[in-house]
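Welcome to a short tour of aromatic rings. Open your viewer, get your selection tool ready, and follow along stop by stop.

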Amino acid sequence: MTRKPIFAANWKMNKGASETEDFAKAILPKVQHHTFPCDIVIAPPFTSIPKAAELLGNVSSVALAAQNCSQFDSGAYTGEVSPMMLKEFFVHYVILGHSERRAIYGESDEFINAKVLKALEVNLRPIFCIGETLEEREAGKLEEVLRRQVTVGLKDVSEEGLGDVVIAYEPVWAIGTGVTATAEQAQEAHAFVRSLIAEQFGGEAAAKIRIQYGGSVKPGNARELMACPDIDGALIGGAALEPASFLEIIENGTA
Ligand code: PGA
């Protein structure tokens, strides 16, 4: 089974519209007329999405993602943005269940599951994030945590819906810390996540689903991580803020 790798830039709460314009203009010459052996996704903050859509919306090698969405269609939900509203701006993916949303905003597995289901209803593709804290890993709970996150987070997703899901395995201790999981640690966790998908959805679905690695991915470690059989791309934070380093990760990771 060959899976097309997917490299996504998670800008978090960085880059307003004018910095988004700078970034888009810097990558345009590289991405405009090229075909890459991977999908490239950029996830700006909500308010920068229109600018990103204006400049990159018709560049076929780049897709846009949001960093969150509501589990509802519309209504009295102050501060929320629905999946349908994102679709109006050429947004194709949405990051859901990022560890920062889980830890800082208290998002539970059930809450994330409701968002995953709502996004899939309108064909917005979830980049569904999972991963253990250092405490959980050291307490020997890695598998237990991943099992809970996958089982609950993807509950009631249809087999067809799963085809639109990308999983991002991001060990919390590796996010923004400069500490990367070793290729061996990452591969082991990815293989385990794939086995969970096989249990829940069957072997064929497990062989097809793309599982990105995230957590301090840089140009220097992309090649080794991406060479692992169960790693299908990366979700990149800090190193995706600079156009050159984001492109270098993609180049190294697909070499
Ligand atoms: P990082 O962030 O690359 O800065 O570690 C990754 C993420 O949070 O998705």
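Is Tyr77 buried, exposed or partly exposed? Select Tyr77 in this predicted model and take a look. Its relative accessible area is 35%, and exposed would need over 50% while buried would need under 20%, so Tyr77 is partly exposed.

Keep Tyr77 on screen and add Phe72. Phe72 is partly exposed too, at 32% relative accessibility. A pair of aromatic rings is described by the distance of the centres and the angle of the planes. The model holds four aromatic pairs, and Phe72 with Tyr77 is one of them: the two rings are stacked, with 4.1 Å from centre to centre and 10° between the planes.

Next, select Tyr169 and Tyr213. Here the ring centres are 6.4 Å apart and the planes meet at 55°. That angle is neither under 30 degrees nor over 60, so this pair counts as tilted. Both tyrosines, Tyr169 and Tyr213, are buried. Now show the strands: Tyr169 sits in strand 6 (residues 166-169) and Tyr213 in strand 7 (residues 210-214), so their pairing ties together parts that lie 44 residues apart in sequence.

For the next stop, select Trp11, Phe23 and Phe246. Together these three form one aromatic cluster. Stay with Trp11 and add Lys15, which lies over the face of the Trp11 ring at 5.4 Å from its centre.

One last stop: select Arg101 and Tyr105. Arg101 lies over the face of Tyr105, 4.2 Å from the ring centre. Turn the view until you look straight down onto the Tyr105 ring and find Arg101 over its face.

How values were computed
Residues are numbered from 1 along each chain as its sequence is written. This is a predicted model: local features need pLDDT of at least 70, side-chain atom pairs count only at pLDDT 80 or more; totals for chains, interfaces and linings use all residues. Side-chain values use heavy atoms; hydrogens and water are left out. Rings of Phe, Tyr and Trp (its six-membered ring) pair if their centres lie within 6.5 Å; planes under 30 degrees apart count as stacked, over 60 as edge-to-face and the rest as tilted. Buried means under 20% relative accessible area, exposed over 50%, partly exposed in between (1.4 Å probe, protein chains only). Helices (H or I, at least four residues) and strands (E, at least two) are DSSP runs, numbered from the N terminus. A charge sits over a ring if NZ of Lys or CZ of Arg is within 6 Å of the ring centre and within 35 degrees of the ring normal.
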